[in-house]
Amino acid sequence: MSARYQVSGGTAAEISASVESGIRSGELPAGAPLPPVRALAAELAVSPATVARAYQELRQRGLLATAGRHGTRVRPRPPVATRRAIRPPAAPGARDLSLGEPDTGLLPPLGPHLAALAADLGAPAGYASVGVVPELAAAARERLAADGVPADEVTVTGGALDGIERLLAAHLRPGDAVAVEDPGWANLLDLVAALGLRPIGVPVDDDGPVEAGLRAALAAGARALVVTSRAQNPTGAAVSADRAAALRALLAGRNDLLLIEDDHAAELARVPLCPLAGATPAWAFVRSVSKPYGPDLRLAVLAGDEATVARVAGRARVGAGWVSTVLQRLVLELWRDPATAALVDRAGESYERRRGDLLAALAARGLTGHGRTGINVWLPVPDETSALTALRDAGWAVAPGALFRIAAGPGLRITVSSLAAADIPALADALAAALHPAPPSGFTA
């Protein structure tokens, strides 16, 4: 724990509040360890049970995580606003490949579409006339149906994670188990923790969630399953046709399970969609526009069975209300524009080329990376800390695999979206040196 911050309190509530205050102030940064229960109890002159209750409450709220022999630590993205950045910046001069974001230079320009939209908006909308724009819903149904997703029932949410949060909150209660990919999307793991749900990791290979892992998760009582269709973050996996058939067979007859599919890459994906939609009675398919069209466009289309979509739309009505109809109409403009479609297609080809070139360069150096689709490459490593340190010293910043893992082995996530072709050999050399350092002077292998 940070030497600058001392936890205080005489009750579980006071101790919990003190830890949260340290997280808000940034004095307990992401990943900071907390004292063992008995050590803090002795320091505060309270019973170990009191400290254990405080830690349990903070874990249930998603602020802390238990890391086995590494003890209790602050989660990478605790669900409280902090006065300091959760993620430290890359070292000055380092090439930052840790962000997991699309290349802003390959995103469609919004200015012309906003101008066209401004000329066509007409009278301002009132409360009685807002909701899902019918033209957007019709276009979404057409696009989803072309990919084999039944889309009779459609609504929109404020992005993929917002849709997933509403789905989980509508179907599950704190303490319920959720099967998630391992390694998997860090934001989803943080959301599951913040909702007080219990994650069960399902191993992933290049073709998606592994059949045996899903079978084990179902046997362990999973009430929901979240699957990334393509461009899985961080591994780049994509559900293949054979894997989809195997998973569908496992899910058949599971009336007690909510199936959620996340197709965040959407139009950027270079492999066909093999959906699981409809494999269970309660299901939802979520497709965001952020990766192809821009992270600031906080909109996702959500299709599903009637009851599931009704729950999400109904919960929105008593909360945020609706996704801005101006934003919906802007997305519709982008969908309808052939030039924008060409730009998105070019971006997908660029990511495909960069990712493929990096994987080939790693293979030439004896390293096996993973990344069938998307903007990331996952590289298994023996030890994340030493690899990250070596890369930092060589001028590269990548994301530690610990952000994405439950029980999976260590690795690094490398975002290729801003990686220039000329830089790939140097990066591959740095990765090879980090994983296979030269022996000390005078040492003979």
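Helix α13, residues 338-364, lies across strands β12 and β15 and runs at about 20° to β12. This is a predicted model, and the helix offers a way into the sheet beneath the description that follows.

The two strands crossed by α13 belong to an open sheet of three strands, ordered β12-β15-β14, with antiparallel pairing. Its edge strands are β12 (376-380) and β14 (399-400), each of which pairs on one side only. Between β14 and β15, the latter spanning residues 411-415, the antiparallel pairing rests on two bridges. At the level of residues, A399 has R413 in β15 as its bridge partner.

Earlier in the chain is helix α11, which covers residues 306-317 and contains E306. E306 counts as exposed because its relative accessibility is 58%, and the cut-off for that class is over 50%. The C-alpha atoms of E306 and E153 are 6.0 Å apart in space, although 153 residues separate the two in sequence.

The last stop is helix α1, made of the 14 residues 12-25. From its first C-alpha to its last, α1 reaches 20 Å, close to the 20 Å expected at 1.5 Å a residue. The buried residues of α1 are A12, I15, S16, S18, V19, E20, G22, I23 and S25. These buried residues pack against two helices, α2 (37-44) and α3 (48-60), and against two strands, β1 (64-66) and β2 (72-74). Just after α1 comes G26, which takes a positive phi of about 90°.

How values were computed:
Residues are numbered from 1 along each chain as its sequence is written. This is a predicted model: local features need pLDDT of at least 70, side-chain atom pairs count only at pLDDT 80 or more; totals for chains, interfaces and linings use all residues. Side-chain values use heavy atoms; hydrogens and water are left out. Two strands pair if DSSP finds at least two bridges between them. Helices (H or I, at least four residues) and strands (E, at least two) are DSSP runs, numbered from the N terminus. Contact means heavy atoms within 4.5 Å. Axes are lines fitted to C-alpha atoms, for helices over the stretch in contact, and angles run from 0 to 180 degrees between N-to-C directions. Buried means under 20% relative accessible area, exposed over 50%, partly exposed in between (1.4 Å probe, protein chains only). The expected span of a helix is 1.5 Å times one less than its number of residues.
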